[in-house]
Each structure stands twice: as C-alpha cells, then as structure tokens.
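Welcome, and please get your viewer ready. We will go from one selection to the next, with a word on what you will find at each stop.

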Amino acid sequence: MLQDGAYTAEVYKSNLFKLQVDELLQQLKPKYGKKEAPAEKAMWTLKTIIEQIPSRAPLSIPDSETALESEKIVIPFPNPRPPRDAKYKMQYDRPTSINAIGSYPLKTTTRAEDELAIDLAVTMPKSLFQEKDYLNHRYFYKRAFYLACLAAGIRGSKEHKFNASFELLNGNQLQPIIVIRPIRDGNADDFSASKCRIHILPALPDKMFLESKLRPDSNCIRPKDSNDKPESMRPKPTPFYNATVQSDASISPYLKFLHYSSSKCNAYKDACILGRTWLRQRGFGGSARNGGFGNFEWGTIIAILLQANLGDGVPPLSSGYSSYQLFKATLQFLATRDLIKAPYAFNSCYNSSDFSVSTAESTPIFFDGPRNINILFKMSPWSYERLRSEAELTVDMLGDSVFDQFDSTFILKANAPNYRYDTTLEVPLAAFGFDSMSETHDQDILQACRNMYFILARALTNRVTTISFHMPNQGSWPVTSRRPPEDQKRRILITFATNPSYANRTVDYGPTAENKKDAASFRQFWGEKAELRRFKDGSILESVVWSYKHNSTPVIQQIILFIIGKHFSAKLAGEAVFTTDRLGHLIPSGRIVGKSGIEPFSPLMTAFATLDKDIRGLEGFPLQIRHIIAADPQLRYSTVEFPTYASKTFPHTPASVVVQFEGSARWPDDLAAIQRTKIAFLLKVADLLSSSKSTYVTRVGLENPSQPSLNQAYLEIILPSSLSFRLRIHHDREATLLDRQLKDKSLDGFSRESSALALAVYKREFQHLPAHTQAMQSMCTRFPALSPSIRLTKRWFDSHLLSPHFSPVLIELLVVRTFLQPYPWPVPSCATTGFLRTLAWISRWDWRHNPLVIDFSTFLPAKGSTDLTGGNTKGLKAEDLDKIHLSFEAWRRIDPSMNRVVLFAASNIDPQGTTWTDRGMPEKVVAARLTSLARSATGLVREDDDRLMSRLAGEENRDILSNYFTAEALFIPQLKDYDVVIHISSDLSRAGEKRKESKFKNLQIQLESQELGDSQKIGYDPVELFARELQEVYGEALLWFWDPEALDVIAGLWNPSATAQRGFKVKSGWNSLPVNTYKQGQKNNQGETSHQVEIQINKGAILNEIGKLGGEIINTIEVR
C-alpha cells in the first residue's frame, strides 16, 4: 500500500494514471489459457520431432548441399557463401537441450501484435564445433547446416504437418531461423486459433569460444595472408560479427538472468510490458532495420540496471520500484546517458579504449560483462539518436503535473511519417547501383546509408534536429529455395525533423581563410558551391550561399539534393523523391521564410506601431492614453490572407484596435452617456489625427443601433499605405454598471437578458480578446510554425464552410493546443505537421465529455510589460484544472441537450470556458460535422502513411497509385451533404473574376470602388452581407454554411424541427403552408370526422424569397 501511495503521489496527485496503467496491463497480458493452448501443444510436438531427428555423419560443403537438396531443403548459408573446397565438415547431432525462451515463458509478451511470437531455442552440441570456428563465418555455416537439418526433420515428419519457412533473426543475414506457422487445415496440429508463430533458434553452448576472441576490439574475419602484413595494414576489428556470434552463445545465460531479475523484482515483468508498448508505438523493434532496439534490449537494460555495478554500492534502479517507476527511470537513463560518448560497462574489466572502434562508428555501447556482449550492437547512429530523442520527449511529458499524458505515452501511434516528420526523401534501392545478386549487397546498402547519414548531418548542421533512415524488413522465404535477392523496387525513406528557425538559412559559414586545413576540407566537401566571402563585420570566411524566395525550391531541398549528387551520384539525386511541408502552398506564404512564420504580417505590424506612435503623440486630449492594444486576427498573425500594401485596392476588413484612456471621475455614470462620450472622444481623435497627419483618412462609424448597451461607435483610420484600422474605446466603468443592472431584481426578463448579453460581449471584446491577442503575438514569435499552422487550419475550416459557426479564437485555441501540448511528438516545425496534428486531435476529441484546456503560462509577457491577461499568469495547477472540469460538468448538467454551450474551451487566461462558444457557437450538429470531417481527413492521412510503407516495401500497384493522396483532397467541400446550395455569381465572389458593370446600383458601386481604390468600400461586401441576412432572416428554418474567404457558395440544411408538421400559430418564424389533418375516431357535433389545421414549412416559397433577395448575386440555387 505504501508503494501504491508513492506511485500515485508521484503522478498527478491522483490515481488516474495508475488506474489507466493497470487497465492497460490487464488488457495486454495474454491469459495463457485455452487460446494459447494449441500453440503450446505445437511447441511440445516440435520438441518431440526435433528430438527424434537422426544424426548425420560429417559431410563436405558440396555433399551437405546435395544431401539436403534431395530432401528439398536448401541450406540458408549466409553471405559470403562457404568455399566448396573448405576443409571443415558439416555435421548434425541431436541437440543438447530445447527450451522456450524470450518474452512468452517470461510472461512479458503482449497481445497487441497481430501474431504472437514464441521462441524455441535448440542448443547445438559442442561436438559439432572446433576451437576456431568463430573465424571467417565457419560457425555460421555450421549453424545454417544444422538449421536446414531441423527444417528437413520437421518437414519430413509424417505424423505432424507444419508450415516451415526461413527468416532472418532481427534482419541479421548471419542468423537465419525457422518460422513455424499452422497449415490451417483444421487438423490436430492446427494452432491458428492461437494467432501465434513459433521461431526455432539454434543456440551455441555457453563458453564455447574464448570470450577474449569475441571482444568488440577483436577481428574474426581474416584473409589468408593477414598474418604476413604489418600491424598497420591488418584487418580492422569486427564488433558486429563478434557480437552476433556471442548472441547465439548468450541465449541460455540470458534466459536464466532475466528469470532471476523477474523473481527479484516484482514489477519487472509489468515494466517490460510498458516498455514493449512504448517501443511499438514509436516504431522500434529488435530488427536492425527497425532500429535494433526491441523488447529484449529493453528488458535486459532494466535487468542490468537492477544490479549493482563493480565499484558502485547501489544499483541504478531499485527492486522496490513500481512498474511505472522502472519504466520512467529507464527512459531517464536512455535520455540522459550518451552511450556513444560515455559507454556503460556492467561488471566488466574493459575500459573505454576497448570500445574505441564501436564509438568511432557511432555505435552505442551498453556492455554486459558477464555475458560478454554489447546488447546495442544492432543499433545505427540514427536509430540511437531517435531513441534518445523519444526517451527525452517522453520523460518531459511524464513530468507534466497538470495534463494526463497516458494516451500520448502508450496509446497514440507516434511514428506515422505525416505527423512525426516535416521533410521526407524517398530513395529507390536501384538508384544506389549495387548488384542485388552480390554477396555483399546487404552490407553495401547499410554502409551507404551510414555514409549518407554522416554526410547529410554535416551538410544540414542545425537545420534539422533528427535524421532517420527507414528500410523495409526482409520477409521469410520457403525452406525449399535460396533467400531471394532484395527487390530493387523497394525504397529507403529518409526523414528529417527540421528546426524552423534555421531550416531556410541562406548562408552557411565555414572556417576563416587562414585556417588552411579546415578551409580545404570545407571546399572539398562543398565543391563548386564553396566560395570565399567578406561579410559586413569584416570577417573573411569560406561560405556557401543558397537562394530562396516564396514558391521557390526550399533551401533544405537544395542542400540535400546537391550533396547527394556530389557525394553519391547524379542518378541517386535525380530519382530521389523529396517532400516537405506538402500543404504549406495552399495558403499565401505558407512556408516559413527566414526565422519566423510571421514575416508576411510585418507591413501591418509596422503600420500599427506607427499608428500607435502617432496617436500617442497627439496633443489636446482631455485624458491621457493608457493602452492602445491589438484585438484582431490580422494583428495576431492568424488570418488566411495577410494584408499587403496596394496602390488601388484596400484590405477587406480593417484591423480592430482597442484604446483605453486613464481613469477619471468625469466619466458619466450612465451607459448611454458613456457611449455618447466615446463618440465625442473618437471625433476628437479623428480631428487631431487629420490635422497632424493629412495623409490619414479618418471617419467615425456607428454600430449596434438596436442594442444601446453595446458599443455604439468606432473610428476608422486608413493609412497612406492603404492599410486600415478600427479603433474602439474601452471604459472599465461599463462592466460595473452592467453588473449592477443584472443584480437589480426589479429588472424585467428582456432587459436582464440584454444586460447579460452586453456584459458578455463587453468582456469578450474588451478584456478577453486583447488578452488573447497579446498571448498569441508572443506565441507566434516563439513558435515559427504556429502562424502558418493556424492559417492553414482556418483555410480548412473555410473550405468546408464551417468558419461562420466557429469563433476565430476557438480555431486558434485548437491549434495552440498542438504546440503547447504536442505530445507524443515534439513541437511542430511547419504548417503541415501543425495542421495535421490539430485535425488528428479534433478527430479524437470527445467534446461531449471533455473540455479543451490551454495553459499559456509559459508564454505570457515578461514582467514589466503590459499584461492584459487578467487570468492565472502563473499557469494552471491541478486544482485550477479541477475547477475548470467542475465548471464544465455544471454546464452539462444545466444544459444536457447542449443547446447553448456545445464546446467548452478554457485557459488560464479565460477559465470561464464559454467566452468563445456560448449561445450555440457552434451548434451541436455543426460540432458533430467538424468531428466527422476531421476523422475523414485523418483516415485519408493514415491511408497515405500506409501507401508510403507499401512503396518502401515495393508493393505499390495501380490501385494504390489511383488513390494517391493529394494535398487538395483535404480541402474539397462535400456539397452533396447539404439540402440547399446557392452558387454565387463568379463576377461577385472573391474566388471569381469581377465583371466590369452591373445593372444593380449597389453592386456597380462595389465594382467601381475596386478599380478606383475607393476607401468607402472598406468593410463592405454584399455577398457577406447577403449571407449574414440569410442567417438572420431564415436561420430558424435553415442552418447556413459558407466560406468567408471565397464566398462562392452558400449551403443550407433544413432544420428538422422546422420541417416537421406542427399546430398553427401566428408568427411561426418562416413561410408556411396550412395542412388539414384528420383525427381517427373523433367526430364533431354534426357527426363529421374531426380535423384541425396544422402548418408545415413552405420550402419552395422560402427559396423563391431567397432568390429575390439575392438577385444578381445568385447564379443558381441547387436543391437536393
């Protein structure tokens, strides 16, 4: 109980995470019951068959091949194949022992895989081997012959039939194994119901070869004349070969060691299952092509860290730890210890110099002294880098004391390329030019990938954070044939996680000209691209300069293709398929240029700063200005189209700005009088600004005439650059007066509702919106990819006609969550990953039962700056999160049908949660539509990931190509889902071309003003006004959808409650038809059947009214 208390105290101060972990473990563990019984029976059957296989007399290489070929078995010799004149003989004797090994008998396997793998180790007798069989592949040749004899015995069994094939253990061509699967004929040996496969692994007897001969610094592949050469020319050490031999000799010792660890530490098995799950979700596996770090490596590291090392009194991990503590502590070890620079040797007499060869090749070292093996020998530099990166990221997410990260740690698939990486490069195997029939093909490909990794890492420097190579695994092959050559249609996928601050840097700086050695190396590496330059600070450096503009080839693509062409081949660079930020082109300047994604908004921000300075410099105000604050999506870098300078055209919508004057007792104490005073102030500002800046155009506009409690006026300012702003005055006394009205018990219901609405609008427009804008400005500056991600997401909302139902702030919050809570991935580095991860979260978001919660605390303004957040600037704590959930649950109890609040979005700035979603923004049907569209989009992206994996494996076909994923596919609206579709005239829609003249005067004014640059058109768009009027007039009968950016289509859904037949009443809210209904069994006084008049919606009349209202704006009305 004390341990459980410590467990839950460490995690979120609640037992939720522990309960989730316990439930996960319960679901993953096999029951070892009836389902697994057929597989266990098959193991016993195989053991019996193997024990009955007769011995074979020693045979030469050719004779052994001939003997087994007569039994239709081909010996799976590794490359290079054995010489036919070899002096040593092949022999088979009955095995010393046959044992089940691995995770199945240890009970650390899981049911999450498609097929459960059960390992059966067959220990070969010592009599088969000679003292020096570890040299020159002799052991592996004898092992292959022994394996072929096992296959022949299993295949030749008359009583039992199994499907036997060869496969490479962990992708290592030196270690073929037998894979047993059921024939699926329903006989007694059919174990298909168990969903298992059985691996038969030949094992060496323990201590067969001298440990000193298999050390990492030893050479075991020696040419015949190697002893006659001087020491400097002798063959290099062969650490991978040595470790492979030793791994076969360590099977039995590790079986005993891991069982000992599980008995010593009660939580060991569960920690192994947690680690197994974590690795699978991140794409790691024991195969060298899957990273070389799988379940065995994870379990062995935990087992070793539970032991005290030589010279250390205390083991790194305590046997009293819970499974979660073991899991987290192991991740911390992997994240913090660089095993390339600082190898870890357990109970070993070796020092760091003994591992110099492996570390020089960037192979991580975790050396198990008692068993004489580096358990990480299969790992590549890129897979180890990725492992450390994932471990560090997971440790960070588990350190989050507020939000639950269980799903991010164990449930979400974190290795999907479209979500994890920003840039990919597909390279066909054939482009490398290696002979697929060559005995060195496997080594050539791996060495080429290793060379490419180091070259790309040197070329890209800090432009990327990780580089990974993904190669398709080699499958099994029949025991009756040789291992087929690798399909040259297969591809290698190289993935890059970019650093957006440096990815598009156009200059790479090299050494100074005086440093001749480094300068020569720099020029040799970059070739003709290198040049000597003098920079502004006077320094003369070797450098490489790249060109980059909007819509041109990204710098990172230029570098990668150039460096591959130079250091490998032009053919390889020409056939490589490069992809980066594949959706960024769908918005203007969607791809990051320079160090920031906010550069397109620089003209507007500069104009705003100039306006702020000009207004503050005015003299003659009765009160001093306290704040001039941005409160508009354009000023927080989040509009799809960014404002630009133009000579004859004007921005469609001016940017909103809030001005607050200093407090004064001279302000009136009446809401209506305050609004009049605001108008007077705005007129004064307009006069002073026009006098001091004659190039400024100013005018005062009125708004909300039917709602006197709301803001009544604004000042529109148009700068010479054609950029425009709307100033509204914020006076904090309004909130006090409105609150006082709400507390007045004598107030009638209508007035109370008006006051409540006015107070909500006041808080939203003058408190929450400026605070949100301020926070977003800070975040967009900190996260270069945030602004383009928001703009791309809004573009998606627009394209699916959803934007009118969602506050722009709510859409921004959805994207912000992806950056503040990015797990299980790092923070997005481009618009595409930010957008796709946002859609993925929306598709999973159960908004009926869970709120959206954002913590801006890390990114709020620094101390001393203007802070308008008004919320919890210290960040959310667990108790704050509890309060938000209580508020959410209260809303669900008050409004169970979700007629008023559907989505609940809270933050430490706005813990209320309903500021941007109150009063049906959106309605429930629209929120459901959002979820459905997000799930469809996420499914499309997932299918694209599957197609990518198919291309890597060479399984691409015409059907896959015909359904190939395109960026635009995510942004195509499904108009067939709507009842009414109004097509706007292309002459008037923003997506179409404008006509030169119109027969309607108001439309003609708009067209003329577009050509003349008339400032009177600012904020005026007849199509937008038409859509808003449809919503106001027919909103009860039809739910309207449109794209505010294109305005080419307005779609509608009939409201089911409106279309239903109902009793007659005056002012039904829509055009209706009377309908006579007769009630069965009821008669009036005259004996006639009773009937009553009901009404139903008159759809045809409503559509005719809409056609007349729209006039020339409408091209066609389509009814479905």
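Start by selecting E392, which is partly exposed because its relative accessible area of 45% falls between the 20% limit for buried and the 50% limit for exposed. Keep in mind as you look around that this is a predicted model. Now extend your selection to residues 381–398: this is helix α13, the element that holds E392.

Next, add F333 and show the C-alpha atoms. How far apart are those of E392 and F333? The separation is 9.5 Å, while along the chain the two residues are 59 positions apart.

Now move on to residues 1089–1097, which form strand β31, and pick out V1093 within this strand. Is V1093 buried, partly exposed or exposed? V1093 counts as partly exposed, because its relative accessibility is 40%, again between the 20% and 50% limits.

Keep V1093 selected and add F1064 and V1066. Together, F1064, V1066 and V1093 make a nonpolar surface patch of about 320 Å². Switch on a surface display here if you like.

Finally, zoom out to the whole protein. Colour by secondary structure, and you will be looking at 33 helices and 32 strands. Of the 1120 residues in the protein, 55% are buried. The accessible surface comes to about 49800 Å², and carbon and sulfur atoms account for 50% of this area.

One last view is of the contacts. Taking those between residues at least 6 apart in sequence, 71% join residues at least 24 apart.

Terms used: Residues are numbered from 1 along each chain as its sequence is written. This is a predicted model: local features need pLDDT of at least 70, side-chain atom pairs count only at pLDDT 80 or more; totals for chains, interfaces and linings use all residues. Side-chain values use heavy atoms; hydrogens and water are left out. Patches are made of residues with over 30% relative accessible area and no salt bridge: like charges are joined within 9 Å, nonpolar side chains (Val, Leu, Ile, Met, Phe, Trp, Tyr) within 5 Å. Accessible areas come from the Shrake-Rupley method with a 1.4 Å probe; for residues, only the protein chains shown count as cover. A salt bridge is a side-chain nitrogen of Lys or Arg within 4 Å of a carboxyl oxygen of Asp or Glu. Helices (H or I, at least four residues) and strands (E, at least two) are DSSP runs, numbered from the N terminus. Buried means under 20% relative accessible area, exposed over 50%, partly exposed in between (1.4 Å probe, protein chains only). Contact means heavy atoms within 4.5 Å.
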